[in-house]
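Before reading on, please look over the sequence and the model together. The paragraphs below go from the interior to the cysteines and then to the surface.

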Amino acid sequence: MDPQLYPWIILFAPLVAAAFILFVLPRRNVAAGAVGLIAATLTCLLSWKVFLDPSLAITAQIPWIEVPGVFSVPIGLILDNLSRVMLVVVTTVATLVFVYSAGYMRGDEGIPRYYASLCLFLFSMLGIVLADNLVMMFIFWELVGVSSYLLIGHYFRKDSAADAAKQAFTVNRVGDFGFMLGILMLWLATGSIMFAGIEANLHAVILHPGYLIAACLLIFCGTLGKSAQMPLHVWLPNSMEGPTPVSSLLHAATMVAAGVYMLARIFPVLLAAPDVVRDVIMWIGAITCFAAGLMAIQQDDIKRILAYSTISQLGYMVVGIGVGATGDVAMFHLFTHAFFKCLLFLCAGSIIIALHHEQNIWKMGGLLTRMPVTALCMLAGGLALAGVPFFSGSFSKDNIIEWAWLNNRPGFWITASAVLLTALYTFRLLFVVLLGKPRGDHAARAKESPLVMTLPLVILAVPAVIAGYPWFISHFFDIAYAEAPAIAHKIVLGFLAAGAILAALLYLRGPAHDPVRIPLFAHRLYIDDFYNWIVVRVQGGLAVFGSWFDRWIIDGLVVTGSARSVWGAGYLLRLLQLGNLQAYAFFFGAGVLLVLYFLVFR
């Protein structure tokens, strides 16, 4: 087979699988899962083959939209180090999620629909990774939104799942509208929508800094939505209504990472823009990582804790775009985070299945001895998330924080203090779920998950530990390490230790309930309540008023009122048509007298 075809096969294999499942296997659960797994495995093997063969380059493009001398949009693929690494991450994680789903989704009534949606999502995400122009990326960007809507709403008979799917789709459209405007602005300024063409023609727009600032910040709006940055973060925790493997794939390794990948792809444009662009990006990322940490420390649902953790870690990646010397600074953390966060979600799913779909951490406990494989893998993922030294997360996250020390000192203190929050909610989760005594009957009778679910956990636990070491990461990135003074690293370690010690004091003894309740954090800083008020009260109130105005003013007075007036006048005139000559003579005489009255007396 011609190696030049590998990227095209990687892209379209999941789409073919999705179509085959929908049209040929709509009621074959096992066969649908097998087809999905074969497609995912094929993309994974070819992605690794492409990654290990750096000489392979794709230059072929398929013409799509052609307006001679005005506009040209091809369907073309880009293979560089950035896309090769992302291919490996996406397809490896996706394959493990497909394997895991065989155990987690067993007995579900919509298995073919689930696998078809999962394949469609994988196709959409691979399109974002391989796109060589902004328009193609935007199309696949929207396809990711559609497929995530299907997956989040998989349990569509639950109102909460249907609402979460609609919210995720709607909130992302807000950010995507800005993204679309930013693409149009760059095209108008540079005459190209190709990444290479935009970079080559940047000189034409650098002379207009205000225009470039606006274009970059509008494109960044796409990241606000897809990567759940404040204030467009609210959809991600609610999307936990979907199956746990969906949460793992969409919200740990792929969909939410798309926004950060897009920023890394246009990093030369951000470098050429005035400093205010990267300052805004850095501040939004810093505020997001800190605020999401505050919300995470008071959540009781195991998946929601991980969801707010994901928002916080995405904030670190966005900070990396704002302060790093290259896009690889953020991509390094995306790389390590993909493995340990996917691992944590799958561990959560293993626990949820063992406890008969219980998700409240205060009804768990003592699982270290009852589910040792899941517990140990969860411990590895948790230590990587907290940034404990010698685990993968510590290398990538600390590098971002140290770059903040060098380039934005206030940003350093915000992101460094978020380390304390990360350690606090992570060790709170580990202590409450794994240690102590079982807090419910389901926890007391919990048993280890089957091999089809635990094998992906064990595989993911390996990169969760080693993925950050220089001898490992050097094969994927040419990382620009921050040369910050030792004091910066000591401050980060101090915050980490403080968070871990505080968690131990509060939760190590296995309390029956949370000894600390902070309503502001438990209610997610009331941001969700504010949006709910906007939608239900303001938008709903305007809708009710609009309905009343349309019914009683427009229809009642203008349309219906005028129609009734005409009808009434016609009815009165009809009364004059009596057909009696004596009556007509009387009306004629009355009219003459009325005319004489006005002529003589007025």
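What follows is a reading of a predicted model, taken one region at a time.

The interior is a sensible place to begin. The largest nonpolar core has 205 residues, and within this core Ile302 and Phe335 touch the most other members. Helix H16, which spans residues 328-354, supplies the largest share of the core, namely 19 residues. If residues up to four places away in sequence are left aside, Phe335 touches Val85 and Val89, together with Ala467, Phe472, Ile473, Phe476 and Phe477.

The cysteines come next. The structure holds zero disulfides, a disulfide being a covalent bond between the sulfur atoms of two cysteines. For Cys289, the closest cysteine sulfur belongs to Cys221 and lies 19 Å away, which is too far for a bond; Cys289 is also buried, with a relative accessible area of 0%. Cys377 is likewise in no disulfide, although here the nearest cysteine sulfur, that of Cys347, is 5.4 Å away, whereas the cut-off for a disulfide is a sulfur pair within 2.5 Å. Cys377 too counts as buried, at 6% relative accessibility.

The surface offers another view of nonpolar side chains. A nonpolar patch of about 830 Å² is made there by Phe545, Trp548, Phe549, Trp552, Ile554, Leu557, Val558 and Val559. One of these residues, Leu557, is placed in helix H26, which covers residues 527-575. Is Leu557 buried or exposed? With a relative accessible area of 60%, Leu557 is exposed, because the threshold for that class is over 50%.

Note on methods. Residues numbered from 1 in each chain as written. Predicted model: local features only at pLDDT ≥ 70, side-chain atom pairs only at ≥ 80, totals over all residues. Heavy atoms only, no water. Patch = residues over 30% accessible without salt bridge, like charges linked within 9 Å, V, L, I, M, F, W, Y side chains within 5 Å. Areas by Shrake-Rupley, 256 points an atom, 1.4 Å probe, with all protein chains shown as cover. Salt bridge = Lys/Arg side-chain N within 4 Å of Asp/Glu carboxyl O. Helix = DSSP H or I, 4+ residues; strand = E, 2+ residues; numbered from the N terminus. Buried < 20%, exposed > 50% of the residue type's maximum accessible area, 1.4 Å probe, protein only. Core = buried A, V, L, I, M, F, W, Y, C linked by side-chain atoms within 4.5 Å. Contact = heavy atoms within 4.5 Å.
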